Amino acid sequence: AFPSRQTLAGFFKSQEGEWDSNGEVLWLLRRYTELTGRPLKHDWHRAIVRAGEWILFKRQSDGIHAPHAGLMPAGFSAEHLGNNDYYYWDDFWSVAGLNAAAHLCAAAGDVRTSAHFRHGADLFMQAIERSLEASQTIRRHPGLPASPYRRMDAGAVGSIVAGYPLRLYPPDEPRLLATVDYLMNHCFVKGAFFQDMVHSGINAYLTLQIAQVLLRAGDPRFFDLMRTVADLASPTGQWPEAIHPQTGGGCMGDGQHVWAAAEWVLMIRSLFVREEGDRLILASGIPAEWLEHDVSGVCVGLDGELRQRHGEHGRVVNVLPDLALVAHHADHRVGDSGVLRRLALVRPAAHLAILAAHRRGRPVSAQVRFLACVLARNNLVGFAGAAIEVENELEAGSQSALPVAGHAWPLIPDI
């Protein structure tokens, strides 16, 4: 259906003045290929190239002596951000779209066009960075504003798209996290995001986007936001587009908002499995209250999804059939042999990492985090600190699981 909605100029037109659509379509097509493992039909290639060229043509000249140099034109953008302006929402989606077009063209064997779009995405991202630097005196805040001509306000929620779902910035990007902190401190009502422009109500789906950024950063506050959104649901499990903070009913837009329902499904998925680059992150959002006393009884039915092709290198990861939790003895010795993989991004005072061993003797790229008490009482090897490196192999037998040099805690917490 998408090609039929593309204009002769290459624009996937929803309505005039919304410049995010081409980036969104291209990003969506790439996600389709990654999650299904299916290549796009050959007929799509021309539409993809035209869509990418439209983005490159549409953005402003880099030579303009203004903070919006190199950005997309002023427009209404996502509608809930305010009046016409040069919104970073459009720019971040456009960069992601160019990266997606580069990926799709490479997959189709069009290496030259792929390099062209990749270079265009890099130049576009440089323009965004220059704009953010130039607008620093306007906003006087380390966060990401809605546009280079706006101070920090509720419209900044549009700019966190660079963290979720686009992942243009790493999980710990300071400007991204400063934006989330600003929104939570200044734009929340009753524990959820209140959009005071256009919508004038609590937004379930924007609250969940903030929760996704927190989840990526390993910030446990994400679950508080999820709980609030769940409490705002109607008896049939739906959310209005905007929710009245006093009545709890709808006050604007659709009564059963599809975007809100989709964000809820994606949020639940991210608790169990999400991607970072070419890695799968498993169970990083499972709260303690969801875990029974016996971890071995926890069953996650994600086998089909985890077998899908993902990542830049088209790598297929077969995780669930090959994972084994490495048990330990009371004397802190490893009981089962296995090949252990270096586990990074383990955060202090947050969830612990379980050692994942591959039964066939090959390491897998997987990280699973649970709470310390659950690990200890179920005799599973766990770590209590940040960024630990272990030996790749522990010989069969009872080799001592000594702490890594420079690490202050024992590998097995005493709880």
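**Salt bridges, ring pairs and the nonpolar core**

Glu129 and Arg175 form a salt bridge, with their closest N and O atoms 2.7 Å apart. This pair links distant parts of the chain. Glu129 lies in helix H4 (residues 111-134), Arg175 in helix H6, and 46 residues separate them. The model is a predicted one. Glu129 counts as partly exposed, because its relative accessibility is 26%, and buried would require under 20%.

Arg175 has a further acidic partner. Glu173 also forms a salt bridge with Arg175, and here the closest N and O atoms are 2.8 Å apart. Glu173 has a relative accessible area of 12% and is therefore buried. In total, the structure holds 13 salt bridges. Side chains of opposite charge can pair when their charged atoms come close.

Another salt bridge joins Asp219 to Arg221, the closest N and O atoms being 2.8 Å apart. Asp219 is buried, with a relative accessible area of 18%. Arg221, at 30% relative accessibility, counts as partly exposed. Elsewhere, salt bridges that share partners form one network. Its members are Arg30, Arg31, Glu34, Arg269 and Glu275.

Aromatic contacts were examined next. The structure holds 12 aromatic pairs. In one of them, the ring centres of Phe92 and Tyr169 are 6.0 Å apart. Their planes meet at 75 degrees, so the pair is edge-to-face; the cut-off for this class is over 60 degrees. Phe92 belongs to helix H3 (residues 88-107). Tyr169 lies in the loop between helix H5 (136-139) and helix H6 (174-186). The pair therefore ties together parts that are 77 residues apart in sequence. Phe92 and Tyr169 are both buried.

Phe222 and Phe223 form another edge-to-face pair, at 6.2 Å centre to centre and 80 degrees between the planes. Phe222 and Phe223 are buried. Ring pairs also link Phe11, Trp19 and Trp54 into a cluster. The ring of Trp19 has a charged neighbour as well. The charged end of Lys58 sits over this ring, 4.4 Å from its centre. In a similar arrangement, the charged end of Arg59 sits over the ring of Phe124, 5.1 Å from the ring centre.

Phe92 and Phe222 reappear in the nonpolar interior. The largest nonpolar core has 82 residues. The residues with the most contacts inside this core are Phe92, Ile128, Leu183, Phe193, Ile210 and Phe222. Helix H3 supplies the largest share of the core, 12 residues. Phe92 lies in this helix.

Ile128 was followed in detail. Residues up to four places away in sequence are not counted here. Beyond them, Ile128 touches Leu71, Tyr88, Asp91, Phe92 and Val95. Phe92 is thus a contact of Ile128 and the ring partner of Tyr169. Ile128 and Phe92 both rank among the core residues with the most contacts.

The strand pairing of S6 and S7 completes the description. Strand S6 covers residues 273-276 and strand S7 residues 279-282. The two strands run antiparallel and are joined by four bridges. Arg274 has Ile281 in S7 as its bridge partner. Two residues lie between the strands of this hairpin. Gly277 takes a positive phi near 65 degrees in the hairpin. Glu275, a member of the salt-bridge network, falls within the residue range of S6.

Definitions and conventions:
Residues are numbered from 1 along each chain as its sequence is written. This is a predicted model: local features need pLDDT of at least 70, side-chain atom pairs count only at pLDDT 80 or more; totals for chains, interfaces and linings use all residues. Side-chain values use heavy atoms; hydrogens and water are left out. Rings of Phe, Tyr and Trp (its six-membered ring) pair if their centres lie within 6.5 Å; planes under 30 degrees apart count as stacked, over 60 as edge-to-face and the rest as tilted. Buried means under 20% relative accessible area, exposed over 50%, partly exposed in between (1.4 Å probe, protein chains only). A charge sits over a ring if NZ of Lys or CZ of Arg is within 6 Å of the ring centre and within 35 degrees of the ring normal. A nonpolar core is a set of buried Ala, Val, Leu, Ile, Met, Phe, Trp, Tyr and Cys residues joined through side-chain atoms within 4.5 Å. Contact means heavy atoms within 4.5 Å. Two strands pair if DSSP finds at least two bridges between them. A salt bridge is a side-chain nitrogen of Lys or Arg within 4 Å of a carboxyl oxygen of Asp or Glu.
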